[in-house]
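Dear colleague,

Please find below the structure that I am handing over to you, together with its sequence. My account of what was found in it follows directly after.

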Amino acid sequence: MVETAIGKKAEAGSAGGSAVAATVRALASMIAEGHWSQGSALPPQRELARLLDISRATLREAISVLLTTGKIKAQDNGRGFVIADGSDERNGAWPQAAPYSLREVYQLRHVVESYAAQLAAMSRTEHDLAALSNTLAAFRRAAQDADLSGYVEADTEFHRQILAMSGNRLLVDMHRTFAGVMQESQRMPVLHPGDLWPAVKEHELILEAIERGDPDGALYYMRKHISMGGSRSGLSPTELP
């Protein structure tokens, strides 16, 4: 019964966005509907991938998003994930167990994602631009509705798409390797009081530069966005790139 429900949700969602976003929506819906109780373990990744009929790589990215939005958490022994409950919500602090500091993560994002945006502006396709525009629209709606979970999901997807648009597989793989801390950094701004709209405007400027094939503009606006995101996450000006 669970298998059928998950499969149908993933299939229905795939038409509205990437496989990663569809998988996130499917799993988040299953969690909300109580298919797994709070504190219980998610099925092993191999089993989940089979049930959803997706690749393990897609599932890993979706799990990273769910970790970022706080819907699941890693088990204390580091093996697998459990459904989070209200007591798991953090107060905006960078996790003490994180292998890298927030400053280090933003430094890496500053280099990797700004260069990816530059490459994306040179290799964009109409299909790429349409998908990125749709994700930006979802980001805008989430900000309008103060839907923090949807906001982080759309933010994560926007940046993932730009990495993919760069056409550099090494950049994509490197970003995926550190997806956990990368996406945790994207969750940090929404844990601090503040307006959600500045990031929307920053995304709009990035998309506009990519659309017009302006690599220097795309690099500039992505760098500025990453720096502003670091500031919204609590980093001081001396810690930002």
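**The loop after helix H3**

Aspartate 53 lies in the loop between H3 and helix H4 (56-69). Please bear in mind throughout that this is a predicted model. Just after H3, aspartate 53 takes a positive phi of about 60 degrees, although this residue is not a glycine. As general background, most residues other than glycine have a negative phi. Is aspartate 53 buried or exposed? With a relative accessibility of 69%, aspartate 53 counts as exposed, because the cut-off for that class is over 50%.

Helix H3 itself spans residues 45-52, and its buried residues are Leu48, Ala49, Leu51 and Leu52. Why do these residues lie on the same side of H3? The arc that they cover around the axis is only 165 degrees, and this places them on the same side of the helix. Arg46 and Arg50, on the other side of H3, are exposed.

**The chain as a whole**

The secondary structure of the chain amounts to eleven helices and two strands. Along the sequence, the elements follow the pattern α-α-α-α-β-β-α-α-α-α-α-α-α. The chain has 241 residues, of which 46% count as buried. If one takes the contacts between residues at least 6 apart in sequence, 73% of them join residues at least 24 apart.

**The nonpolar cores**

The largest nonpolar core holds 39 residues, and those that touch the most other members are Leu132, Phe139, Tyr151, Ile162 and Ile210. Which elements give two or more residues to this core? They are helix H5 (102-123), helix H6 (126-145), helix H7 (148-165), helix H9 (179-187), helix H10 (197-211) and helix H11 (215-232). The element that gives the most is H5, with nine residues. Apart from this core lies another, of 21 residues, which include Val24, Met30, Val65 and Phe81.

Isoleucine 210 offers a useful example from the largest core. When residues up to four places away in sequence are not counted, isoleucine 210 touches Ala117, Ala120, Ala121, Arg124, Leu129, Leu132, Ile162, Met165 and Ala218.

**Where H5 meets H9**

The axes of H5 and H9 come within 10 Å and cross at roughly 100 degrees. The two helices are therefore roughly perpendicular to each other. On the H5 side, the contact is made by Leu102, Val105, Tyr106, Leu108 and Arg109; on the H9 side, by Val181, Met182, Ser185 and Gln186.

Arginine 109, in helix H5, deserves a closer look. Arginine 109 is buried, with a relative accessible area of 3%. Arginine 109 and methionine 182 are 73 residues apart in sequence, yet their C-alpha atoms are 7.5 Å apart in space. Leaving aside neighbours within four places in sequence, arginine 109 is in contact with Ser114, His159, Met182, Ser185, Gln186 and Ile226.

**An aromatic pair between two loops**

How many aromatic pairs does a search of the whole structure find? The search finds three. In one of them, tyrosine 100 and phenylalanine 178 are arranged edge-to-face, with 5.8 Å from centre to centre and 75 degrees between the planes. Tyrosine 100 lies in the loop between strand S2 (81-83) and H5, and phenylalanine 178 in the loop between helix H8 (169-177) and H9, so the pair ties together parts that are 78 residues apart in sequence. Tyrosine 100 is partly exposed, with a relative accessible area of 36%. Phenylalanine 178 is also partly exposed, at 26%.

**Two buried residues in H6 and H10**

Threonine 135 is placed in helix H6 and is buried, with a relative accessible area of 9%. Apart from neighbours within four places in sequence, threonine 135 is in contact with Ala154, Glu157, Phe158 and Gln161.

Glutamate 204 is found in helix H10. With 16% relative accessibility, glutamate 204 counts as buried, because the cut-off for that class is under 20%. Glutamate 204 touches Leu136 and Arg140, again not counting residues up to four places away in sequence. Glutamate 204 and serine 133 are 71 residues apart in sequence and 8.9 Å apart in space, taken from C-alpha to C-alpha.

Yours sincerely

Key
Residues are numbered from 1 along each chain as its sequence is written. This is a predicted model: local features need pLDDT of at least 70, side-chain atom pairs count only at pLDDT 80 or more; totals for chains, interfaces and linings use all residues. Side-chain values use heavy atoms; hydrogens and water are left out. Buried means under 20% relative accessible area, exposed over 50%, partly exposed in between (1.4 Å probe, protein chains only). Helices (H or I, at least four residues) and strands (E, at least two) are DSSP runs, numbered from the N terminus. The arc is that of the directions from the helix axis to the C-beta atoms. A nonpolar core is a set of buried Ala, Val, Leu, Ile, Met, Phe, Trp, Tyr and Cys residues joined through side-chain atoms within 4.5 Å. Contact means heavy atoms within 4.5 Å. Rings of Phe, Tyr and Trp (its six-membered ring) pair if their centres lie within 6.5 Å; planes under 30 degrees apart count as stacked, over 60 as edge-to-face and the rest as tilted. Axes are lines fitted to C-alpha atoms, for helices over the stretch in contact, and angles run from 0 to 180 degrees between N-to-C directions. Angles under 35 degrees count as roughly parallel, over 145 as roughly antiparallel, 65 to 115 as roughly perpendicular and the rest as oblique.
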